[in-house]
Amino acid sequence: MFASLASRNFRLFFVGQTISQVGNWMTMVALTLLILRRTDSGMAIGLLSACQFGPVLLFSAWAGLIADRSNKRNLLMLTQALAMCQSAALGVLAFMDHAPIGAFYVVAFIGGLSLAVDNPVRRPFVNELVPIGDVANAVSLYSAMNSLARIAGPTIAGVLIVTVGFGWTFTIDAVSYVAVLGSLALMRPDELRRAPRTPRGAGQVREGLRYITGVPELWITFAMLLIIGLISYNFSVTFPLFVVKALHGSDRAYTLVYAAFSAGGLVGALVTARRSVVTITNVARAAAGLGASMLVLAFVPNPVVAAAVAVAVGAMGIGYMTGTTAIAQLRADNRMLGRVLAVQMVLLIGTTPIGGPILGAVADALGARAPVLIGGVGALAAAAFGTLAARRFDQTSPTRPETTTTPGTRDPPEPPVWVEPQAT
């Protein structure tokens, strides 16, 4: 389960990211609650998500190309430093008396610009930190670490908000970035398994999209992700509205439910880390579990029951995302990996600027349970599509196995070789 931690560079990355991601989730939760407390509006929460993730929709495809062309370690140090400045700016605003709401949206948008570049760089960087046989394990442990951060971050945020206030919550997050910057600085560059850099050329973003459509394991799972990312995986919008408005819970109740969701996510990621094979069918089953658990969540009577059901939602949701990411990182050619993961990120959180405000408006109009119900139906629809598409793929390609991940071996299946087209 922990094979990839044998690599020194990955251990440094894992520790630094754990500390930083805890701080990041503190800020995410605190900013959401601050806006909800000051506006009491679902649409306002949706607009906040649009500011945070809108740049991902607009710029991630090009950021993925930058990742394929760049030294990822150096670029990460820049994006993480910018994220530190964003958290510090939020702290300054929170300490001010009656800071305008618009200022928080502006800072959130600037943070979204940093995220749009950081994510397509950070995720393929995991591949460079471990031997190829440990990539699937490293992806799963990285997802488990994010789930652990989702447990600790909201819990700590809830304590800090009610004791020392929003300003110190943002400030502590800013300080946490010292850990990830230090871990990147301590890495041994000669031990990195660097992918070949993509040379400059015309139409390379379009080539990345064409590459995805030519690999069934990618386009099938990405089509599912489009549905789930748009209407199901908008928990930063649906959870606070659901707990505070539908269940009449407090800020503490929201952080409890989110921590329970993240605890389930940790279990889901660790289960995926032990799996020797990840297929489209596995991903579809996890999507079906996500949809079913969200339908149950939509009808719970109080925050305590919601926390119990949220464990299942988290386990299925993170299991689904980890499986999708493992397929993408192992199936894609290294020279296309940044662009492939950038498109994946656009589909997951880049769709939030569209789905978030819509779900916020639905919550205002039909009640805060409605977005959770819609998300469950969407995940079930994606699961049905994935199951049918996987069966058709098996029938049309009987000699070609579905994507496998083998964390216990050193011989994973070879990804398709992509030949970069030459400029004419």
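In helix α9, the buried residues are F235, S236, V237, T238, F239, P240, L241, F242, V243 and A246. The structure described here is a predicted model. Helix α9 spans residues 235–246, and because 10 of its 12 residues are buried, this helix is largely enclosed by the rest of the structure. Just beyond the helix, a small backbone detail is worth a look: α9 is followed by H248, whose phi is positive, near 55 degrees.

Helix α9 also contributes to the salt bridges, of which the model has 4. One of them joins K245 to D40, with the closest N and O atoms 3.3 Å apart. K245 belongs to helix α9, whereas D40 sits in the loop between α1 (8–39) and α2 (42–69), so this pair ties together parts that are 205 residues apart in sequence. K245 counts as partly exposed because its relative accessibility is 28%, a value that lies between the 20% limit for buried and the 50% limit for exposed residues.

A second salt bridge is found within a single helix. D118 is located in helix α4, which covers residues 101–129, and pairs with R122, the closest N and O atoms being 2.7 Å apart. Both partners lie in α4 and are separated by 4 residues, about one turn of the helix. This spacing fits a simple rule of helix geometry: an α-helix has 3.6 residues a turn, so residues three or four places apart point the same way. The link between D118 and R122 also appears as a polar contact between their side chains, at 2.7 Å.

How accessible are the two partners? D118 has a relative accessibility of 3% and therefore counts as buried. R122 is buried as well, with a relative accessible area of 7%. The surroundings of D118 can be filled in a little further: leaving aside neighbours within four places in sequence, D118 is in contact with L76, T79 and Q80.

Another salt bridge brings together the side chains of E191 and R188, at 3.1 Å from N to O. Here the accessibility values are those of partly exposed residues. E191 has a relative accessible area of 39% and is partly exposed; R188, at 39% relative accessibility, also counts as partly exposed.

Taken pair by pair, the bridges sit in various settings. D118 is buried and so is its partner R122, while K245, which reaches D40 from helix α9, is partly exposed.

Terms used. Residues numbered from 1 in each chain as written. Predicted model: local features only at pLDDT ≥ 70, side-chain atom pairs only at ≥ 80, totals over all residues. Heavy atoms only, no water. Buried < 20%, exposed > 50% of the residue type's maximum accessible area, 1.4 Å probe, protein only. Helix = DSSP H or I, 4+ residues; strand = E, 2+ residues; numbered from the N terminus. Polar contact = N/O pair within 3.5 Å; in protein donor to acceptor, adjacent residues only side chain to side chain. Contact = heavy atoms within 4.5 Å.
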